Amino acid sequence: MTPTARRSSAPARPTRSTASRPSPEAREAALDLGAFVTASPSSFHAAREAARRLEEAGFTALDEALDWTAEDVAGEKYVIRDGAIIAWSAPKKASATSTWRIVGSHTDSPALKLKPNPEYGGEGLSQVGVEIYGGPLLNSWLDRELRLAGQLALRDGSTVLVDTPPLLRVPQLAVHLDRGVNAEGLKLDPQRHLQPVLGIGPVDVLEILAEHASEAAGRDIVAEEIVGFDVVTVDAQAPALFGAHEEFLASARLDNLSSMHAEVQALITVAGSSRGADAPIAMMVANDHEEVGSATRSGAGGPFLEDVLVRVHEALGGTDATRRRAFSGSLVLSADAGHAAHPNYPERHDPVTRPRLGAGPMLKINAQQRYATDAVGIAAFVQACEEAGVPHQHFVSSNAMPCGSTIGPITATRLGITTIDVGITLLSMHSAREMCATEDPILLQRACAVFLRG
């Protein structure tokens, strides 16, 4: 007779699931994305951090002001224009018949941007005057330490990057002085309520910028040398993994450095791999100013990408007609972060299509062509994901919610190349500190690498 099992009065502990634990490769990639963000507090820094990584992988810079020959454009090259960068890896037998595989992203993020006359203050405190850049969640910039970062233009015509330690804070009004804030909601006047505090008593902002620019430039710079600047605020808190199993990454500027980091690392992977002689030219582009419409010389609405494509094609012996033929067989992947379904606001999303954190990159689709994805593009990206062993999902907006846009439709309109909009899922998009799944950056990176190989 089988003995009776002893029963415990305590409830059985649930078996701990390991399904949400990120893989070691995913964790490493997410931490590297965090390092990329830390080194890229502004679009100018992002372009130069990408260049640094590319140079370590054997890429070399080209100067837009010089002639480009077939020898110049062969192999692994990159070009920087302001806060934007384009890089490519051409196979050995690249020619005027070569097609292109291009992954695009953007380098900028919503922020508070320094005004031309930044000295500001009241009640014995120094402040800096800022204006709104893009469409940030304004409340997310309150009560957190902020860095200043960007580019300074000097009197001698040169430029220098600047990146400060934590300097600023926008203090929120205490609840004792705003008794209805929790019941009625926070109401912020962008002009009156978002000017950050810098110090007690008079403080010269330009002197501080000159001091920190001197450290970056390796020479003394004084405030009087600064005749112009493009400087933004950025969250000073370092990126960090968190969650029950560190399955999330919190960071500034995941929109859209998550995509830029993926395309840089994917291009490096492709450049270091063996490809056939008839492989397409693999290229990445990271445009600036997407958050404010892209209509600048370094934005997707400007000529930067087309300029480089035309010059490379001509250097390979092509003509206007052969370039258009090559474009007809080419593909662009517009990579930009998108919205995960929010557990606290499920009604804000499509009732059927529910993109999730950690479920792989999304194909972003919109009937009004706010995204450029079509059926042909879907097939191309699904094939890349399947070859890479990467899961994918879809994003479509609720009909009751307006849809944002990306560089995808702009690029497709300018070049006439089939373009697909994709991206990893985020929560807290356009917050000063966003979040994604730790697993997603490596998945996008792998899909981009297969896509670029062609």
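Helices (at least four residues) and strands (at least two) are DSSP runs, numbered from the N terminus. With that convention in place, the tour may begin; the model to be viewed is a predicted one.

**The whole chain**

Display the entire protein chain first. Eleven helices and 20 strands are present in it. Its radius of gyration is 24 Å, close to the 22 Å that the globule rule gives for 454 residues, so the chain is as compact as a globular protein of that length. Measured out along the principal axes, a C-alpha trace spans about 95 × 70 × 40 Å. Of the 454 residues in the protein chain, 52% are buried. Among contacts with a separation of 6 or more, 76% join residues 24 or more positions apart.

Now show the surface. The protein chain exposes about 21000 Å², and carbon and sulfur atoms supply 51% of that area. Colouring by charge brings up 40 positive and 55 negative side chains, and the centres of the two sets lie 8 Å apart.

**Strand β7 and R147**

Select residues 146-154, which form strand β7, and pick out R147 within them. R147 counts as buried because its relative accessibility is 12%, under the 20% cut-off. Show its side chain and look for two partners. The side chain of D163 is joined to that of R147 by a polar contact of 2.8 Å, and the backbone oxygen of T38 is reached by the R147 side chain at 3.4 Å. To see the wider surroundings, add the residues that R147 touches beyond four places in sequence: among them are P41, T164, P165, P166 and the residues V232, T233, V234, D235 and A236.

**The loop before β7**

Step back to the loop between β6 (125-133) and β7, where R144 is found. Is R144 buried or exposed? With a relative accessible area of 18%, R144 is buried. Its side chain reaches the backbone oxygen of S140 at 2.6 Å. Beyond its neighbours within four places in sequence, R144 is in contact with L168, R169, D235, Q237, A432 and R433. D235 will be familiar from the previous stop, as R147 touches it too.

Select D143 next, in the loop between β6 and β7. Its phi is near 55°, a positive value in a residue other than glycine. D143 counts as partly exposed, at 34% relative accessibility.

**The loop between β13 and α7**

Move to the loop that runs between β13 (281-287) and α7 (304-315), and select G302 there. This glycine is buried, its relative accessible area being 9%. Draw a distance from G302 to N287: the two are 15 residues apart in sequence and 9.3 Å apart in space, C-alpha to C-alpha. Which residues does G302 touch, not counting those up to four places away in sequence? They are S294, T296 and R414.

Of these, S294 merits a selection of its own, and it is found in the loop between β13 and α7. S294 is not a glycine, although its phi is positive, at about 75°. At 2% relative accessibility, S294 counts as buried.

**A cis peptide bond**

For the last stop, select D255 and N256. A cis peptide bond joins these two residues, with omega about 20°. N256 is found in helix α6, which covers residues 254-271.

Note on methods:
Residues are numbered from 1 along each chain as its sequence is written. This is a predicted model: local features need pLDDT of at least 70, side-chain atom pairs count only at pLDDT 80 or more; totals for chains, interfaces and linings use all residues. Side-chain values use heavy atoms; hydrogens and water are left out. Buried means under 20% relative accessible area, exposed over 50%, partly exposed in between (1.4 Å probe, protein chains only). A polar contact is a pair of N or O atoms within 3.5 Å; within protein, one must be able to donate a hydrogen and the other to accept it, and residues adjacent in sequence count only if both atoms are side-chain atoms. Contact means heavy atoms within 4.5 Å. The radius of gyration is taken over C-alpha atoms; the globule rule is 2.2 Å times the number of residues to the power 0.38. Accessible areas come from the Shrake-Rupley method with a 1.4 Å probe; for residues, only the protein chains shown count as cover. Lys and Arg count as positive and Asp and Glu as negative; His and the chain ends are not counted. The place of a charge is taken as NZ of Lys, CZ of Arg, CG of Asp or CD of Glu.
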